[in-house]
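Please walk me through this structure in running paragraphs, with each term explained where it is used.

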Amino acid sequence: MTTRKILLLVGGGHSHIQVVKNFTHSTHDTQCMLISNSPVAVYSGMLPAVIAGLIPYEDSLVHLQPLCEAHNFHFIHGTVTQIDPQNKRVYFNAPQSSIQFTLHYDVLSIDVGSRTRDVNDVSQPTMTNAKTQLPLIVRTRPILHLEDSISEYESLAKEASLPCARVVVIGAGAAGVELALALEARLKRSLDETVVRIVSQHDTLVSQFGRMSGAAVAAECRRRGIQMHIGQPVISVKDGVVRLKDGTEFTYDMAVIATGAAAHDWVRRTGLVTDEDGWLVVERTLQCKGFADVFAAGDCISFGGAFGKQFPPKAGVYAVREGPTLTHNLQKVLGNRGTLMEFTPQASFLSLLSTGDGRGIGTKHGLAFKGTWVYRLKNFIDERWQERFRVSWGTDGRVEDGQEDVDGQFDGTAAEGAALLLCSEDLNQSDSFEKQLSVLRRMDCDDDFREELLKCVQST
Ligand SMILES: Cc1cc2nc3c(=O)[nH]c(=O)nc-3n(C[C@H](O)[C@H](O)[C@H](O)COP(=O)(O)OP(=O)(O)OC[C@H]3O[C@@H](n4cnc5c(N)ncnc54)[C@H](O)[C@@H]3O)c2cc1C
């Protein structure tokens, strides 16, 4: 008699939902389980558009229980607090319970994301106004609570009839910028008057995407009346006052901390190898260092400098890209056969920011482009991703897949390609995004075309 092996996935992150969907197994041989502290996973790429009121919240959610049921995984709603890799055990609490449960595994995978990295001196206000219950400090992660926290602020600000609502977003990476623009778009509809500020410790906004994108984002913030404090580390966020290094001080009713990712504290205590920042150190096979039967993916990992310090950055695109390698390798390790795949993170990726008003700013190859087509393209990519994890049962009981890909490659000249990417938004109003997407795709695979197009842009 053979005993069933147990595959245990901890966390419903971007890599694990792909494992659930694509892992092929017989329930006779393997018992598959996913444990997550929430029954839904939020797709962060869509959240700024949700906050701006462009799409419903529901569209950004993946419901884990039906997804698991459809693919023969058992879903457990619980918060993992400890892992014992020597004895192959995971400890967790059921929701709102302090009773600890234990699970045994044969093969484990961890995709639990990250928490918000704090700025120097942040403390929840010791005193909130008894009438308004403001100010509020909101952290971007856990991302599941972000929309609720912002809705709560909006309700409190409305009830208090604030003459001028004062919001500050601290951190001007992609998430911070998208949130500032989304909040401006949302709050100007619901509140009388709003001042939105964004603070960056770097000397540009979205510094990771280069100067051209920084300039495009700064121009958009200026156009929308968002006040920028650039090159200014935050010294403290206390009792309704933000203090910057240059001595600037301003008050706020809501401070959104969007300062990037930090590792969960409990992960450091698992006995698995972590780096100095607390990220789980993995091999290129996504196996945790020193443990062939423990894998990890997404924000919570570090490749231990294999691809350069702090590369890849903490972005959902890498968690997404790791999914197929993770699925393949889990399959091989559980089947005791075959070669494991190695993951190589892509050097750069197409970044598409929603500006909260139905337009977007995109970045690739150091270029920045903007317009309604950018948002339409973003929405298309995001929708197509989400569609893969919506469980809809076909008439014959089969689980049906999402939409088809967009075909075609641009065959015009580099100058025509540049004109398409950079032409004024108005010209693109009635356009779709297919032509621009085909230009971007050709830039990815045709080096001469890309170089020539970049030269065309520099000379304009
Ligand atoms: C506002 C915002 C916008 C963003 N936009 C983008 C974007 O457009 N593009 C992009 O590439 N990146 C974006 N990011 C970054 C992106 O959100 C993360 O890099 C990505 O979510 C990481 O995916 P992950 O799979 O590692 O973890 P997550 O998606 O965070 O998933 C972690 C999962 O683990 C579960 N979990 C956590 N702790 C436990 C526990 N103790 N026990 C059990 N379960 C647990 C969680 O509930 C969740 O299901 C954005 C971030 C923010 C804050």
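In this predicted model, an oxygen atom of the ligand is 3.4 Å from an N or O atom in the side chain of serine 36, a distance that fits the rule for a polar contact, namely a pair of N or O atoms within 3.5 Å, where within protein one must be able to donate a hydrogen and the other to accept it, and residues adjacent in sequence count only if both atoms are side-chain atoms. Serine 44 also faces the ligand with its side chain, a polar atom of which lies 2.6 Å from a ligand oxygen, whereas aspartate 299 uses a polar backbone atom, 2.7 Å from an oxygen atom of the ligand. Of the 27 residues around the ligand, those that come nearest are His14, Asn37, Ser44, Asp111 and Asp299, a residue being counted as near if one of its heavy atoms lies within 4 Å.

Residues are numbered from 1 along each chain as its sequence is written, and side-chain values use heavy atoms, with hydrogens and water left out. Because the model is predicted, local features need pLDDT of at least 70 and side-chain atom pairs count only at pLDDT 80 or more, while totals for chains, interfaces and linings use all residues.

The protein chain is assigned domain 1 (5–37 + 78–114 + 263–335), domain 2 (136–260) and domain 3 (351–458), with bounds that come from an automatic or database domain assignment. Taken over C-alpha atoms, the centres of domain 1 and domain 3 are 32 Å apart. Six residues from domain 1 and four residues from domain 3 make the contact, which means heavy atoms within 4.5 Å.

Between them, domain 1 and domain 3 bury about 470 Å², 67% of it on carbon and sulfur atoms; buried area is the accessible area (1.4 Å probe) that two parts lose on being put together, summed over both. On the side of domain 1, Ile17, Gln18 and Lys21 supply 78% of the area buried against domain 3, more than any other three residues. Across this interface of domain 1 and domain 3 the rule finds zero salt bridges, a salt bridge being a side-chain nitrogen of Lys or Arg within 4 Å of a carboxyl oxygen of Asp or Glu. Helix 1 (residues 14–22) gives five residues, the largest share of the side of domain 1 that touches domain 3; helices (H or I, at least four residues) and strands (E, at least two) are DSSP runs, numbered from the N terminus.

A search of the whole structure, by contrast, finds 24 salt bridges. In one salt bridge the side chains of glutamate 220 and arginine 223 meet at 3.1 Å, N to O, and these two residues are separated by about one helical turn because they are three residues apart in helix 6 (residues 211–223).
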